[in-house]
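Subject: Structure for your review

Dear colleague,

Please find the sequence and structure below. I would be grateful if you could keep them open while you read my notes.

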Amino acid sequence: RILEAAGATEPGSPLAPRLANALLETGNGLGNLGDADAAVASLRGAIEIWRSLYGPDSPDEAIGLHDIGEVLRKAGKLDDALIALGEARRINEARTGESPRVASNLVSIATVYGAQGAWQAELDTYDRALAIYRTRLAADDVQLVPVLVGRASALDHLDRVEESMQPTPT
């Protein structure tokens, strides 16, 4: 409300990016509180501002879409989560190529596939994320942990238990 009262919603306001960031953080907070509808509305508000500032498909928009996907995943709206996360991945891939941002999107997508019981899709998606991370991160980077755990879980669900307990290919 303070930013809006200060003119952040006016066209060309230098406060608009701050308002978008405030809406992003508000959306994430609401999502953590379990209010998915309010969270998505707030995150979409941030995306609208970013689109007005930077045009469609900005890296900021991809962040908002990723966060929408995470809120929807946690709310059990898995098909909608895949759509938002897929859009975030598309934007990031177009903007940054095979980057850690894309890998992060893929980890979230794989998590949704796991929640849907789509084990092969989950494994394939974790493998793609892992391949990207392997080009950018040290072998002992903690960012690899969720990917490796998720990958092992997918292998386990596919009854490939022995493989799930082996070191991953480099």
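The notes below describe one helix, the nonpolar cores and the salt bridges. Please bear in mind throughout that this is a predicted model.

Helix α7

I begin with helix α7, which covers residues 119-136. Its 18 residues should span 26 Å at 1.5 Å a residue, and the C-alpha atoms at its ends are 26 Å apart, so the expected and the computed spans agree.

Several residues of α7 are buried: E122, L123, T125, Y126, A129, L130, I132 and Y133. In a helix of this kind there are 3.6 residues a turn, so residues three or four places apart point the same way. The buried residues of α7 pack against two other helices, α6 (100-116) and α8 (145-157).

One member of that list carries a charge and deserves a separate look. Which side chain of opposite charge is nearest to E122? It is R73, at a distance of 9.9 Å. A salt bridge requires a nitrogen and an oxygen within 4 Å, and E122, although buried, has no salt bridge. Setting aside residues up to four places away in sequence, E122 touches A110, Y113, G114, G150 and A154.

Nonpolar cores

In soluble globular proteins, nonpolar side chains tend to be buried together. Here, the largest nonpolar core contains 27 residues, and W50, I68, V71 and V112 have the most contacts inside it. Five helices each supply at least two residues of this core: α2 (16-32), α3 (36-54), α4 (59-74), α5 (78-96) and α6. The largest share, eight residues, comes from α3.

Another core, of 13 residues, lies apart from the largest one; V102, I132, L137 and V147 are among its members. I132 is also one of the buried residues of α7.

To see the surroundings of one well-connected residue in the largest core, please select V112. Leaving aside neighbours within four places in sequence, V112 is in contact with R73, L78, A81, L82 and L85. R73 has thus appeared twice in these notes: as a contact of V112, and as the nearest side chain of opposite charge to E122.

Salt bridges

Side chains of opposite charge can pair when their charged atoms come close. How many salt bridges does the model contain? The count comes to ten.

One of them joins D37 and K77, whose closest N and O atoms are 3.4 Å apart. This pair links distant parts of the chain, since D37 is in helix α3 and K77 is in the loop between α4 and α5, 40 residues apart. D37 is exposed, at 58% relative accessible area, whereas K77 is partly exposed, at 34%.

A salt bridge is also formed by R90 and D57, with 3.0 Å from N to O. Here too, distant parts of the chain are linked: R90 belongs to helix α5 and D57 to the loop between α3 and α4, with their positions 33 residues apart in sequence. R90 has a relative accessible area of 31% and is partly exposed; D57, at 22%, is partly exposed as well.

In a further pair, R160 and E163, the closest N and O atoms are 2.8 Å apart. R160 is partly exposed at 29%, and E163 is partly exposed at 33%. Finally, R89, E93, E98 and R128 are joined into one network by salt bridges that share partners.

Yours sincerely,
A colleague

Notes:
Residues are numbered from 1 along each chain as its sequence is written. This is a predicted model: local features need pLDDT of at least 70, side-chain atom pairs count only at pLDDT 80 or more; totals for chains, interfaces and linings use all residues. Side-chain values use heavy atoms; hydrogens and water are left out. Helices (H or I, at least four residues) and strands (E, at least two) are DSSP runs, numbered from the N terminus. The expected span of a helix is 1.5 Å times one less than its number of residues. Buried means under 20% relative accessible area, exposed over 50%, partly exposed in between (1.4 Å probe, protein chains only). Contact means heavy atoms within 4.5 Å. Lys and Arg count as positive and Asp and Glu as negative; His and the chain ends are not counted. A nonpolar core is a set of buried Ala, Val, Leu, Ile, Met, Phe, Trp, Tyr and Cys residues joined through side-chain atoms within 4.5 Å.
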